[in-house]
Amino acid sequence: MDPLAAFWREADDTDPVRMRMQMDHLLSTAPYSDARMMFERASLEDFLGDGAAAVPLYEASLSGGLDVDRENQARIQLASSLRNVGRLHEALDVLQNFEFSSEYISARDAFAALTLWDLGRGERALQNALHAAHPALGKYRRAIGAYAAELSTRPEGNP
């Protein structure tokens with residue numbers, strides 16, 4: 001079993017010092033790439049609520065070259081951290097300027113909805129939220145998809 005998977009399964013943010021020490025130990029004893037280590041450190045800072053510390057670590061991990069799955073995760077988590085520190089336009093750029101794998105599309109749309117809401121773009125946020133819900137809509141996909149499309153045909157703020 002991957003020691004990092006076990007670490008995250010048992011993660012508890014009530015003792016940040018202990019968590020950082022455990023992460024340092026795990027990363028010093030395993031053969032992870034520099035990019036993967038930066039990603040894990042960023043994820044930890046993010047988990048502990050320090051988005052400002054997480055952002056440069058996510059950026060470094062992406063510059064260092066991650067596998068496809070972690071790159072998708074890092075971009076979503078970077079966007080979330082950017083949003084949390086008030087860098088809303090940058091967060092939206094991260095989400096909109098990358099071709100996410102299909103399993104991450106709903107998460108991308110959900111985080112974009114949160115960011116759009118924060119930017120005061122409520123109708124666009126709702127549209128993104130409806131797209132994020134698409135996989136779970138079952139037989140209502142077509143109807144909700146049509147309503148979401150209808151939102152983009154009217155001016156913002158008009159019923």
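Which helices do the buried residues of α5 pack against? They pack against α3, α4, α6 and α7, and the views below look at that neighbourhood and a few others.

A note before the views: this is a predicted model, where local features need pLDDT of at least 70 and side-chain atom pairs count only at pLDDT 80 or more, while totals for chains, interfaces and linings use all residues. Residues are numbered from 1 along each chain as its sequence is written, and side-chain values use heavy atoms, with hydrogens and water left out.

**View 1. Confidence along the chain.** The protein chain has an average pLDDT (the predictor's confidence in each residue, from 0 to 100) of 86, and 92% of the residues score at least 70. Among the chain's elements, α6 has the highest mean, 95, and helix α9 (residues 141-151) the lowest, 72. Helices here are DSSP runs (H or I, at least four residues), just as strands would be E runs of at least two, numbered from the N terminus.

**View 2. Helix α5 and its surroundings.** The buried residues of α5 (68-84) are Asn 72, Ala 74, Ile 76, Leu 78, Ala 79, Ser 80, Ser 81 and Leu 82. Buried means under 20% relative accessible area, exposed over 50%, and partly exposed in between (1.4 Å probe, protein chains only). Asp 67 caps the N-terminal end of α5, with a side-chain oxygen 3.1 Å from the backbone nitrogen of Asp 69. That is a polar contact: a pair of N or O atoms within 3.5 Å, where within protein one must be able to donate a hydrogen and the other to accept it, and residues adjacent in sequence count only if both atoms are side-chain atoms. After α5 comes Gly 86, with a positive phi near 85°. The 17 residues of α5 should span 24 Å at 1.5 Å a residue, and the end C-alpha atoms are indeed 24 Å apart; the expected span is 1.5 Å times one less than the number of residues.

**View 3. Two aromatic residues at α1 and α3.** The structure holds four aromatic pairs. In one of them, Trp 8 and Phe 47 have ring centres 5.8 Å apart and planes at 80°, so the pair is edge-to-face. Trp 8 sits in helix α1 (residues 3-9) and Phe 47 in helix α3 (residues 34-47), 39 residues apart, so this pair links distant parts of the chain. Rings of Phe, Tyr and Trp (its six-membered ring) pair if their centres lie within 6.5 Å; planes under 30 degrees apart count as stacked, over 60 as edge-to-face and the rest as tilted. Both residues are partly exposed, Trp 8 at 26% relative accessible area and Phe 47 at 33%. Phe 7 joins these two in one aromatic cluster.

**View 4. A tilted pair between α3 and α4.** Phe 39 and Tyr 58 have ring centres 6.4 Å apart and planes at 50°, so they count as tilted. Phe 39 lies in α3 and Tyr 58 in α4 (residues 51-64), so the pair ties together parts 19 residues apart in sequence. Phe 39 and Tyr 58 are both buried.

**View 5. Ser 61 inside α4.** Ser 61 belongs to helix α4 and is buried, at 0% relative accessibility. A polar atom of the Ser 61 side chain lies 2.7 Å from the backbone oxygen of Tyr 58. Leaving aside residues up to four places away in sequence, Ser 61 touches Ala 35, Met 38, Phe 39, Leu 66 and Ala 74, where contact means heavy atoms within 4.5 Å. Other buried residues of α4 include Ala 54, Val 55 and Leu 62, and what covers the buried set includes α3 and α5. Gly 65 follows α4, its phi positive and near 90°.

**View 6. Asp 109 in α7.** Asp 109 lies in helix α7 (residues 105-118) and counts as buried at 7% relative accessibility. Not counting residues up to four places away in sequence, Asp 109 touches Asn 128, Ala 129, His 131 and Ala 132. Ala 112, Ala 113, Thr 115 and Leu 116 are buried in α7 too, and the buried residues of this helix pack against α5, α6 (88-96) and α8 (122-133).

**View 7. Ser 33 ahead of α3.** Ser 33 lies in the loop between α2 (16-29) and α3 and is partly exposed, with a relative accessible area of 38%. Its side chain reaches the backbone nitrogen of Arg 36 at 3.0 Å.
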